[in-house]
Amino acid sequence: MRQTTAEKRAPLAIPGQKHRAVLLQEVVATLAPIPGGTYVDATFGDGGHTQAILQQIGPNGRVFALDRDQTAFQRNATLLEHHAGQLTVIHTPFSQLQAVLAERGVFAVQGVLFDLGVSSRQLDEPERGFSFQADGPLDMRMDQAVDGSAPQTDRPPPRQKSPGRLTAALIVNTFDKDALADIFFHWGEERHARRIAAAIVADRQTHPFTTTRQLASLLERIMPGGHAAIHPATRVFQALRIAVNRELDELQDGLRAALDLLADGGRAVVISFHSLEDRMVKQRFRQAVDPLLPPSGPLLGPDLLVQPRPTVPCFRLLTRKPLTPGPEEIAHNPRSRSARMRAIERLTGGAKQPAGVPGPATLRQPALPCGTVL
Ligand SMILES: C[S@@+](CC[C@H](N)C(=O)[O-])C[C@H]1O[C@@H](n2cnc3c(N)ncnc32)[C@H](O)[C@@H]1O
């Protein structure tokens with residue numbers, strides 16, 4: 001991996017910040033922000049990574065920080081004020097990355113960071129409904145401003161689903177048994193999905209689900225042994241959060257936008273926290289490095305093996321295996337333990353280059369424009 005002065009100066013923690021940005025040193029070393037560069041933090045949260053990037057890029061650099069949770073920006077008003085000239089915050093899901101940057105006249109950047117999932121702060125606020133450990137409304141929307149109203153949990157479930165109003169309560173109280181089982185199985189990788197869905201549908205006839213504890217108690221009751229290492233509600237809560245926030249669709253669209261936006265030598269870094277996300281990132285990056293490669297295995301036609309044709313690569317992987325936090329970081333921040341970081345770089349040749357800002361040098365420079373069939 002390229003060593004830079006930025007790497008040597010990378011801070012391990014941001015002074016005065018309660019929240020600990022995950023894999024902070026690794027992110028800075030890999031993104032290797034250059035002075036005067038333009039960067040995107042697609043998941044601003046409490047701004048830990050944004051702040052580290054700002055420290056590296058100097059007064060002429062810019063960061064566009066996105067978050068679908070408006071409160072993230074309200075909570076960090078001091079940081080925003082402090083970097084008013086360099087930092088632009090945008091309240092939007094990162095699937096809209098390209099569009100919101102285009103509106104601001106930005107068509108290429110030197111780096112994009114995704115630190116997926118919810119922030120510690122969101123998890124720690126019972127009223128957001130993300131945690132089964134504290135009691136709160138069964139909400140789980142990252143963007144509570146979507147419909148401008150309070151969570152719907154204290155009212156009878158509406159008959160019709162409307163996208164902006166989708167909460168975890170709405171899903172568990174109105175989706176049929178098969179739909180619930182599919183959500184738990186596919187997005188929670190929960191092998192007891194059918195049993196759980198049947199128990200929810202039976203219980204809600206008399207007691208519609210309104211709180212996180214109510215759902216967690218049911219799961220504790222019907223899966224007494226639970227999974228060996230995790231609480232019995234972990235997988236169902238993960239699945240509901242993914243469904244409410246359409247997290248995998250967001251990731252698919254966000255990754256596509258990020259790769260499109262990278263200038264020559266630009267880098268995308270993604271930190272994921274569960275295997276569904278990490279698998280998607282791994283496959284998307286593999287395809288970017290070798291566009292003719294299918295998501296997994298060789299291209300098989302009905303009765304013939306289709307030979308992919310080699311092309312000049314447009315990207316190279318910066319991480320063959322994902323980077324993970326060391327024991328020291330896990331000891332300081334136990335929530336970092338499932339983090340996996342992957343990174344990719346757009347190679348020089350054929351990419352967009354914003355005027356006046358040189359991209360970092362790449363190790364391999366293809367003589368032909370990337371994408372050329374050999
Ligand atoms: C793990 S936190 C990021 C923490 C941040 N890196 C820091 O150092 O403080 C993830 C943040 O991304 C936001 N988020 C998650 N998915 C999003 C999406 N699809 N679009 C925009 N923001 C998203 C969440 O609201 C949350 O604030």
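Reader: Helix angles under 35 degrees count as roughly parallel, over 145 as roughly antiparallel, 65 to 115 as roughly perpendicular, and the rest as oblique. With that settled, at what angle do α10 and α11 pack?

Author: This is a predicted model. In it, α10 (residues 193–204) and α11 (residues 212–222) pack at about 125 degrees. Their axes are 11 Å apart.

Reader: Which class does that put α10 and α11 in?

Author: Oblique. About 125 degrees falls outside the ranges for the other classes, so α10 and α11 are oblique to each other.

Reader: What is the handedness of the crossing of α10 and α11?

Author: α10 crosses α11 in a right-handed sense.

Reader: Which residues make that contact?

Author: From α10, they are R195, I196, A199, I200 and D203. From α11, they are L218, L219 and I222.

Reader: How do they divide by type?

Author: Six are nonpolar and two are charged in the contact of α10 with α11. No polar residue takes part.

Reader: OK, what comes just before α10? I'm looking at E190. Where does E190 sit?

Author: E190 is in the loop between α9 (177–188) and α10.

Reader: Buried or exposed?

Author: Buried. E190 has 24 C-beta neighbours inside 10 Å. The cut-off for buried is 20 or more, so E190 qualifies.

Reader: What is E190 in contact with, beyond its close sequence neighbours?

Author: Leaving aside neighbours within four places in sequence, E190 contacts F184, F185, I196, R235, V236 and A239. I196 also belongs to the α10 side of the contact with α11.

Reader: How far apart are E190 and V236?

Author: In sequence, 46 residues. In space, their C-alpha atoms are 7.1 Å apart.

Reader: New topic. I want the other helix pair. How do α13 and α14 pack?

Author: α13 (residues 247–261) and α14 (residues 275–289) meet at about 30 degrees, and their axes are 11 Å apart. That angle makes α13 roughly parallel to α14.

Reader: And the handedness of α13 and α14?

Author: Right-handed.

Reader: Which residues meet there?

Author: α13 brings L248, L251, Q252, L255 and L259. α14 brings L276, E277, M280, V281, R284 and A288. By type, the contact of α13 with α14 has eight nonpolar residues, one polar and two charged.

Reader: What about R246? Where is R246 in the chain?

Author: R246 lies in the loop between α12 (234–245) and α13. Its phi is near 45 degrees, a positive value in a residue that is not glycine.

Reader: Why flag that sign?

Author: Because most residues other than glycine have a negative phi.

Reader: How is R246 classed for burial?

Author: Partly exposed. R246 has 15 C-beta neighbours inside 10 Å.

Reader: What is the phi of L23?

Author: Positive, about 50 degrees, and L23 is not a glycine. L23 is placed in the loop between α1 (5–9) and α2. L23 is buried, with 22 other C-beta atoms within 10 Å.

Reader: How many residues of α2 are buried?

Author: Seven of the eight in α2 (residues 24–31), so α2 is largely enclosed by the rest of the structure. The buried ones are L24, E26, V27, V28, A29, T30 and L31. After α2 comes A32, with a positive phi near 45 degrees.

Reader: Now the ligand. How many residues surround it, and which are closest?

Author: The ligand has 21 residues around it. The closest are A21, T43, G45, D46 and G48.

Reader: Which elements supply at least two residues of the shell?

Author: α3 (48–57) and β2 (62–67) each do. By type, the shell has seven nonpolar residues, eight polar and six charged.

Reader: How many residues of α3 are buried?

Author: Nine of the ten, so α3 is largely enclosed by the rest of the structure. They are G48, H49, T50, Q51, A52, I53, L54, Q56 and I57. G48 is also among the residues closest to the ligand.

Reader: What comes just after α3?

Author: G58, with a positive phi of about 75 degrees.

Reader: Last one. How many helices and strands are in the protein chain?

Author: 15 helices and seven strands. Of the 374 residues, 45% are buried. Among contacts with a separation of 6 or more, 68% join residues 24 or more positions apart.

Methods. Residues numbered from 1 in each chain as written. Predicted model: local features only at pLDDT ≥ 70, side-chain atom pairs only at ≥ 80, totals over all residues. Axes fitted to C-alpha atoms, helices over the stretch in contact; angles between N-to-C directions. Helix = DSSP H or I, 4+ residues; strand = E, 2+ residues; numbered from the N terminus. Left-handed = near helix turned anticlockwise from the far one by under 90°. Contact = placed C-beta atoms within 7 Å. Nonpolar A, V, L, I, M, F, W, Y, C, P; charged D, E, K, R; others polar. Near = placed C-beta within 6 Å. Buried ≥ 20, exposed ≤ 12 C-beta atoms within 10 Å, placed from the backbone.
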